[in-house]
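Visitor: I am new here and would like a friendly tour. Could you show me what we have?

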Amino acid sequence: MPTPDARFIPLSIVLLCSVLVGLPWASGGRSPVGLVSLVLFLVLAAAAGLFSRRSEPLLHPSPLLLFAGLLVSGSALQTIYPDRTVQSLLLLFAYLLAGTLAARGARELPWGEAALLTAILASGLLVTGVAMLRLYQGSDAGLYARYLTGPFGYPNAMAGFLLLTGGAALAAAQMHRGPLVRGAAMLAGAVSMLGLVLTRSRGAVLAAAVGLGLWALIHRKTWLSRRMWLWLGAIGLLAVLVVLSGASSGFLPGRFSLDGGSGDSSLRWRWHILRWTWTMVRQHPWWGVGPGAFPVALNQYQRLPYVSGENPHNLYLELAAEYGLPAGLLAVLMLGGFLGRLASITARAPEDDPVRRRLAALLAALVAFAVHSLVDLDWSFPAIALVAATLLGLASAHLQGKHSGHAPPARAWRA
């Protein structure tokens, strides 16, 4: 139960839930209204729920965390575009607040984790439902007229969002034993996976396969359960019926490629922009070009006929280009350490522990997102990054030892 000093934490969780539901409609969070709302609402939520007088510190500093702050500060001071750097750091601060709020809400409120997962599910269902309706009606025009794009305007970004909402649905289904609630959560997950197919994003499908494979590997000892097979069969049958009905009505696109007839040119463009980005990293190895300054710096490296691009479609290489190679390597090591620790705790937990099943779903979603970030631009859309930060916070709440007392402390990954 929350302590008297934490009486405003429920308000902060409600604010975070409202941002999770509303932010995708602001062009995936990229519009000026979306950017301002994200930072403003999360600062208000943090003021309400995080900075009350408590004996527990907000963060547990570690040498790695302090070193990361030093690298970010050095990169910001050396930036080539201060305006974009300020915006990028504000967004990074908002994501840190979201993850911290999610972790504290999951630890201190009995309903905190369920509320956040439900908000992500509701957001995913609304976005997917409206996007499918527009696709069926043929409302969109242009290059992606036959792809599921939703408010993001880009099919691969929509796919990244659905990867996370599908993982949230899988985690929510493990929180309740009631068949109605579990059925609704799994139906939401099936809708997310159907929407993922309609985006025709090959990278996202591969990432989803990796996540589902990991989840199946963790639950390999329970595959003989008839109930498990019943649920999987019901979801598979529903997906097949929806796909077949859509194909017979002309709803489904006929070709599975990155873009309409230009998959080869898309891959070639990605190869070129990755080469340019690596050249940028080699020329600015220590501090990078500055947070958020990649699109400006790219103008000095790109060549005809490819003269556009906001990011290299690889989160880790973009981090190295903007913050410097040490910061990029540190980010990869810390993310890998966090996921490895989460996998270790999940593997050691008892098979019948509901927390284990929830952690397995969160781990699968985060691994799928990490894989998809190798080939796409998920982090460039604040609505997607916010969901990822929230799921990271929910997962980190279980690393504190409340639910897994046998887990050793790991100060390096905690903050």
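Visitor: Is H313 buried or exposed?
Guide: Keep in mind that this is a predicted model. H313 has a relative accessibility of 7%. Buried means under 20%, so H313 counts as buried.

Visitor: Where is H313 found along the chain?
Guide: Look at the helices α11 (294-298) and α12 (315-323). H313 is found in the loop between α11 and α12.

Visitor: What is the phi of H313?
Guide: Most residues other than glycine have a negative phi. H313 is not a glycine, yet its phi is positive, at about 60 degrees.

Visitor: What about S27, and which class does its accessibility put it in?
Guide: S27 also has a positive phi, near 55 degrees, and is a residue other than glycine. S27 sits in the loop between α1 (9-22) and α2 (32-49). Its relative accessibility is 37%. Since partly exposed lies between the limits of 20% and 50%, S27 counts as partly exposed.

Visitor: Stepping back, how many helices and strands are there in the protein?
Guide: Both loops we visited run between helices, α11 and α12 for H313, α1 and α2 for S27. For the protein, the count is 0 strands and 16 helices.

Visitor: What share of the residues counts as buried?
Guide: H313 is buried, as we saw. The protein has 415 residues, and the share of them that counts as buried is 50%.

Visitor: How much of the exposed area do carbon and sulfur atoms supply?
Guide: The protein exposes about 18900 Å². Of that area, carbon and sulfur atoms supply 68%.

Key:
Residues are numbered from 1 along each chain as its sequence is written. This is a predicted model: local features need pLDDT of at least 70, side-chain atom pairs count only at pLDDT 80 or more; totals for chains, interfaces and linings use all residues. Side-chain values use heavy atoms; hydrogens and water are left out. Helices (H or I, at least four residues) and strands (E, at least two) are DSSP runs, numbered from the N terminus. Buried means under 20% relative accessible area, exposed over 50%, partly exposed in between (1.4 Å probe, protein chains only). Accessible areas come from the Shrake-Rupley method with a 1.4 Å probe; for residues, only the protein chains shown count as cover.
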